[in-house]
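Dear colleague,

I am passing a structure on to you, and I would be glad if you could look through it with the notes below beside you.

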Amino acid sequence: MMKKYLAELVGTFVLTFLGCGAAVALGCGSDTASVVGTAMAFGLAVVAMAYTIGGISGCHINPAISLGCFLTGRMSLKDCGMYMLFQVIGAILAAAVLSLVVSTAEPSAIITTNTGANVCSFGVTNGLIVEIVLTCLFVLVVLGATSKTNGATNNFAGLAIGLSLILIHLVGIHFTGTSVNPARSIGPALFAGGQALSELLVFIVGPLVGGALAAGIWKVIHPAKA
């Protein structure tokens with residue numbers, strides 16, 4: 001049982017370190033190329049982890065996905081809570097390592113010195129709406145792609161989920177930096193402080209609400225039989 005939780009810790013560490021690391025190294029938001037590069041980093045990290053730990057834990061690496069799976073009856077409340085806990089721990093560890101790397105780097109070695117933390121560029125209300133909608137769409141893809149009653153789509157779930165996360169980031173980076181993942185936001189915010197920490201609740205509540213909405217939508221539209 002513990003192996004599943006540890007797999008989620010490792011997977012979330014990789015997602016946060018590589019995704020936020022790319023945002024830092026590329027100076028995400030400074031130009032179009034940095035946005036595309038950051039979006040691809042998050043998506044490809046998910047693809048890599050899906051084929052690394054998918055057979056162990058299902059590769060949620062996101063509390064919003066775990067909540068969606070719980071609400072659709074795919075996992076117990078205990079597992080959901082433990083997944084979330086280990087996901088947050090993994091993200092905090094990743095942010096700590098990234099913060100250390102940034103703090104010890106030569107000033108000219110990287111463009112930006114943040115830790116890839118999320119902020120609401122156009123206000124808290126705007127950020128909350130963006131995070132709810134984007135997380136709902138993302139978790140809906142996850143639920144559909146991994147469903148055993150949805151044909152053979154689960155054979156390519158990792159690829160579909162990773163590509164959808166790239167699309168989500170291409171839309172969301174401009175507005176919030178794109179979270180759609182409370183764990184991924186908690187870790188960097190603890191080290192970035194300031195606006196990222198003061199607005200952290202948006203990036204916890206928004207994705208969880210979005211995940212719950214996706215679970216409700218999936219319950220209505222999912223096929224009953226394979």
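What follows goes through the pocket, a salt bridge, one of the helices and two loop residues.

Please keep in mind throughout that this is a predicted model.

I begin with the largest pocket, which has a volume of about 760 Å³. Its lining is made up of 37 residues, and those closest to the centre of the pocket are Gly54, Gly58, Cys59, His60 and Thr146. Several helices take part in this lining, since helix 1 (2-26), helix 2 (32-57), helix 3, helix 4 (77-104), helix 5 and helix 6 each supply at least two residues, and helix 2 gives the most, with eight residues. In character, the lining of the largest pocket divides into 18 nonpolar, 14 polar and five charged residues.

The count of salt bridges comes to one. The partners are Asp79 and Lys4, whose closest N and O atoms are 3.1 Å apart. Because Asp79 belongs to helix 4 and Lys4 to helix 1, the pair ties together parts that are 75 residues apart in sequence. As for how far each partner is covered, Asp79 has a relative accessibility of 12% and therefore counts as buried, whereas Lys4, with a relative accessible area of 22%, is partly exposed; the cut-off that separates the two is 20%, with buried meaning a value under it.

Helix 9 covers residues 200-221, and its length can be checked by simple reasoning: at 1.5 Å a residue its 22 residues should span 32 Å, and the C-alpha atoms at its ends are 32 Å apart, which agrees. The buried residues of helix 9 are Leu200, Val202, Phe203, Gly206, Pro207, Gly210, Gly211, Ala214, Ala215 and Trp218. When you read that list, it may help to recall that an α-helix has 3.6 residues a turn, so residues three or four places apart point the same way. The buried residues of helix 9 pack against helix 3 (63-71), helix 5 (124-145), helix 6 (157-176), helix 7 (182-192) and helix 8 (194-198).

Finally, two loop residues deserve a look for their backbone angles. Ile61, found in the loop between helix 2 and helix 3, has a positive phi of about 40 degrees although it is not a glycine, and it is buried, with a relative accessible area of 2%. Val180, in the loop between helix 6 and helix 7, likewise is not a glycine and has a positive phi of about 45 degrees; at 1% relative accessibility, Val180 counts as buried.

With kind regards

Note on methods: Residues are numbered from 1 along each chain as its sequence is written. This is a predicted model: local features need pLDDT of at least 70, side-chain atom pairs count only at pLDDT 80 or more; totals for chains, interfaces and linings use all residues. Side-chain values use heavy atoms; hydrogens and water are left out. Helices (H or I, at least four residues) and strands (E, at least two) are DSSP runs, numbered from the N terminus. The expected span of a helix is 1.5 Å times one less than its number of residues. Buried means under 20% relative accessible area, exposed over 50%, partly exposed in between (1.4 Å probe, protein chains only). Contact means heavy atoms within 4.5 Å. On a 1 Å grid over the protein atoms alone, a cavity is a set of points where a 1.4 Å probe fits but cannot get out, and a pocket is an open set with protein on both sides within 12 Å along at least five of seven lines; lining residues have an atom within 4 Å of a point. Grid points are joined across faces, edges and corners, and a volume is the space filled by probe spheres set on the points. Ala, Val, Leu, Ile, Met, Phe, Trp, Tyr, Cys and Pro count as nonpolar, Asp, Glu, Lys and Arg as charged, and the others, Gly among them, as polar. A salt bridge is a side-chain nitrogen of Lys or Arg within 4 Å of a carboxyl oxygen of Asp or Glu.
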